Amino acid sequence: MQIKQLSLTQTNAADLDVWLVEDHRLPIVNIEFAFIGGASLDADQHGLAYLMAAMLDEGAGDLDDVSFHKALDETATHLHFSATRDIINGSIKMLTKHKDRAADLLNMALFAPKFNDEAMQRVKAQIVASIRSASTNPSEIAAKKLMSLSFGDHVYGNLVKGSEASLEAISQADLQRSAAQNFNAEHPYLVIVGDVNEQQAADLLDRVFAGRHRCGNNIHAIADAEFVGQGVTQHQFMDVPQSVVNFALQSIPQNDDRFMQLMVLNHILGGGGFSSRLMEEIREKRGLTYGIHTSLMPLKHGSLITGNAATSADKMAETIKILREEFEKMQQDGVTDEELKNAKTYLTGAYPLRFDTGAKIAHQLLSMQYFDFGIDFVDRRNELVNQVTKAEIATIAQQLLDVEQMAQITVGQNLS
Amino acid sequence: MKIQKKGNGISYFSLENGLDVVVIEDHRAAVITHMLWYKVGAADELAGKSGIAHFLEHLMFKGTQNIAPGEHSKIIAKNGGQDNAFTGQDYTCYYERLAADRLELAMQLEADRMVNLTLSDDVLLPERDVVREERKQRTDNKPDAIHFEQMNASLFLSHPYAVPIIGWDHEIATLNRDDAMAFYKRHYAPDNATLVIAGDVTPERVLELAQKHYGSIEPGNIAKRKRVVEPPHMCPRRVDMFDERVEQPQWIKQYLAPSAKVANAELTNQSEALQLAMLLLAGSSTSHLYVDLVVEKQVAVAAGGWYNSVAMDYSPIGLYAIPREPFGLDHMAELVDASVAEFIETGPSDGAIERAKTLMVAESLYARDNQTTMARMIGSALSCDMSLDDVLDWPTRIEALSKQQILTALDKYIDENASVTGHLAGDEKHLTGDLEQLDQE
């Protein structure tokens with residue numbers, strides 16, 4: 001797989017960091033992109049970026065909402081936008097023969113969205129429906145609570161979707177401002193994979209970014225998020241057959257030199273499915289849960305190690321006891337040679353599995369751009385994994401896996 | 001054992017012991033997907049033993065005469081691979097995803113557990129607890145999942161599709177080693193399975209390896225699956241569930257309809273006609289139902305539907321609507337029924353039909369970008385006794401459909417007497433809505 005860096009000369013796209021993987025074996029083009037901003041720019045208008053992203057295909061340019069969807073269908077173009085805490089993420093999948101039209105539709109969605117009032121009320125109602133559904137789901141409640149326990153009043157502590165009240169207050173003008181702020185910001189990230197050569201890719205992007213007015217950089221607008229969940233344990237009663245627990249610890253950002261060590265540690269602790277210690281102890285040996293997982297959440301302005309499990313209320317105390325013991329054990333003793341060896345063969349061997357479709361390649365490369373890993377990272381990555389030592393993992397485990405500092409939320413029946 | 005080439009890198013052969021093998025060549029990345037599909041699922045369980053197909057799927061990771069409990073996944077992981085499994089009403093599938101040069105390892109392990117499973121209560125009993133927690137997580141903790149399970153149980157009067165794949169909890173709780181081994185012995189054999197290999201390998205190499213690892217396994221001479229036919233459905237049913245946890249009411253309706261296999265045996269391309277009809281009626285945000293109720297009348301927040309045609313016997317047609325305030329669930333039935341009737345009466349425009357065909361045909365092209373998607377499509381269809389040609393010729397059959405075929409098929413199966421309507425609500429107001437609010441505005 002050859003990754004090319006494109007340099008674009010067009011005024012509207014000159015700041016773009018674009019990587020291209022040419023592959024002409026199928027008549028398909030995948031583009032994935034990210035604009036820095038997202039929900040972190042919402043300020044007190046919680047849910048603004050999420051609503052804005054959901055509205056982009058509800059009418060744009062000279063097309064109303066239904067006509068826009070019909071135009072996508074006519075060309076069999078798949079277009080998706082989503083807002084996360086740090087970015088507006090988008091992806092488009094198109095057939096080569098319709099690529100110009102697909103690019104024009106994307107251009108309209110980004111730079112000429114209508115945000116018509118009737119469509120806005122409809123999409124607000126849809127988001128409210130999903131907030132209401134989530135409001136009675138213990139897993140969703142726990143996940144939401146964990147973010148506010150961890151980050152307090154920082155914008156990261158808010159729900160990306162907002163609330164019924166915050167959505168109600170958002171106007172069409174707010175959406176226009178949000179779109180402009182996100183999509184005109186400098187240095188979006190972009191990857192093209194598929195049936196186009198360099199010239200065709202450049203021409204396509206020229207269409208996509210026509211009419212953009214570049215302005216400043218969003219990233220400096222956001223304050224760093226302090227972890228405020230140290231040692232906080234909360235329980236929320238809910239009359240459900242199965243309880244859930246979510247937990248978090250402060251972590252390090254993805255561009256930290258030790259991140260690869262943490263990634264290997266997490267794989268051994270709770271990230272690696274059936275090979276992880278938590279799955280072995282809690283599911284395999286004791287049958288306490290269907291699944292227990294930990295994962296790394298490296299946000300731009302504050303990072304977490306998070307985890308969750310679900311089990312019947314009468315088994316929750318035991319589940320939590322064991323999971324905390326496993327954190328303590330790894331903090332004190334690190335990992336074994338055998339575990340490190342197995343983690344490395346898995347992580348390096350499974351790396352190619354992330355590159356077996358056009359959309360997956362685009363997604364992987366975009367995150368490398370986003371975290372500033374460099375265009376040669378694909379070739380270097382396995383070497384970096386192999387360089388991780390037991391001593392490094394012991395050190396970082398010592399620093400990060402302190403259960404006394406853990407934020408923990410349970411939702412379900414009251415525990416004895 | 002002659003390899004038949006089907007075009008687009010797809011080929012097919014059978015071993016003498018009855019194992020069918022499909023190879024989907026994809027040389028873009030040095031990766032391979034190994035999927036072994038057994039033609040057995042929850043619908044093949046004995047009465048009182050619900051959940052045994054799915055429980056056995058879990059137990060297949062608990063060791064053989066050659067592999068210690070839990071080692072299967074660990075060996076795959078140590079080799080940089082991923083593995084898992086899933087159970088349906090009509091199939092059970094085990095898969096491994098690995099670097100292409102490790103294909104033989106997956107075959108070796110999968111062939112071993114086709115015949116050499118060993119089970120002790122030490123590993124079986126904790127795993128049964130795991131499955132009961134899985135059921136709680138997937139179903140019991142979610143009012144909408146419980147409601148759908150109850151609706152499904154009401155749709156089928158005689159057919160085992162009425163029973164949830166994961167099983168009823170009180171029956172899972174009693175499943176034991178004998179149940180698992182009996183089910184295993186009865187259904188797991190090369191002549192009751194389909195091997196699908198997708199990725200960076202040639203069919204000649206797959207044949208060589210399959211012969212080596214699967215070829216020596218004796219056929220089970222498995223009897224053809226007995227199928228149950230529903231009696232005539234004579235009246236519509238209602239399944240209403242009130243749960244104070246429900247904040248967001250939901251309206252659902254299912255109609256009994258035939259699977260692709262049954263529908264097309266009855267009338268050529270009838271299933272494709274239903275698939276296209278459901279896309280046009282309720283399958284997207286340009287569909288008739290969505291535009292009518294969500295965009296134009298603004299009585300629903302969302303509306304849509306489904307018809308998943310891959311099954312041995314029945315593939316229900318489903319419709320749903322989420323009322324938009326101040327409307328309630330009581331209004332949805334009337335509004336959806338009227339919208340469906342209007343669609344059948346007037347029919348979609350030629351432009352809409354063209355768009356829907358473009359979308360469906362493009363989906364089959366997009367699927368070729370994903371070896372796992374292709375393997376799943378082909379494996380599930382063959383496990384439901386469809387042919388490889390049924391899958392590969394699908395775009396051509398979609399292209400050939402007329403408006404009349406689409407409407408005739410839909411009209412035939414939108415039959416009130418064969419329907420179940422479900423209301424999921426938290427309180428009385430979710431049913432009636434609050435139309436006074438509307439009058440005041």
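Reader: Which domains does the domain assignment of chain A give?
Author: Keep in mind that this is a predicted model. The assignment splits chain A in two. The pieces are domain 1 (4-217) and domain 2 (233-412).

Reader: How many residues does the contact take from domain 1 of chain A?
Author: Start with the spacing: over C-alpha atoms, the centres of domain 1 and domain 2 of chain A are 29 Å apart. The two domains still touch, and domain 2 of chain A puts in 29 residues. From domain 1 of chain A, the contact takes 29 residues.

Reader: Which element gives the most to the side of domain 1 of chain A that touches domain 2 of chain A?
Author: Elements that each supply at least two residues to that side include β2 (17-22), β3 (28-36) and α5 (138-151) of chain A. The top giver offers ten residues, and that's α5(A).

Reader: How do the residues of that side of domain 1 of chain A divide into nonpolar, polar and charged?
Author: Let's sort the residues of domain 1 of chain A that touch domain 2 of chain A. Six of them are polar and seven are charged. The nonpolar group numbers 16.

Reader: On to chain B. Which element gives the most to the side of domain 1 of chain B that touches domain 2 of chain B?
Author: Here the assignment gives domain 1 (4-213) and domain 2 (237-440) of chain B. Their contact takes 30 residues from domain 1 of chain B and 31 residues from domain 2 of chain B. With seven residues, the element giving the most to the domain 1 side is α5(B).

Reader: Is His187(A) buried, partly exposed or exposed?
Author: His187(A) sits in the loop between α7 (172-183) and β6 of chain A, and its phi is positive, about 60 degrees, although it isn't a glycine. Count the other C-beta atoms within 10 Å of its own and you get 14. Buried needs 20 or more and exposed needs 12 or fewer, so His187(A) is partly exposed.

Reader: And Asn269(B), is it buried or exposed?
Author: Asn269(B) is another non-glycine with a positive phi of about 60 degrees, placed in the loop between α9 (260-266) and α10 (270-282) of chain B. It has 21 other C-beta atoms within 10 Å. The cut-off is 20 or more, so Asn269(B) is buried.

Reader: Where is Pro326(B)?
Author: The peptide bond leading from Glu325(B) to Pro326(B) is cis, with omega near 10 degrees. As for its place, Pro326(B) is in the loop between β11 (317-323) and α12 (329-346) of chain B.

Technical notes: Residues are numbered from 1 along each chain as its sequence is written. Chains are lettered from A and ligands numbered from 1 in the order in which they are written. This is a predicted model: local features need pLDDT of at least 70, side-chain atom pairs count only at pLDDT 80 or more; totals for chains, interfaces and linings use all residues. Domain bounds come from an automatic or database domain assignment. Two residues are in contact if their C-beta atoms, placed from the backbone, lie within 7 Å. Helices (H or I, at least four residues) and strands (E, at least two) are DSSP runs, numbered from the N terminus. Ala, Val, Leu, Ile, Met, Phe, Trp, Tyr, Cys and Pro count as nonpolar, Asp, Glu, Lys and Arg as charged, and the others, Gly among them, as polar.
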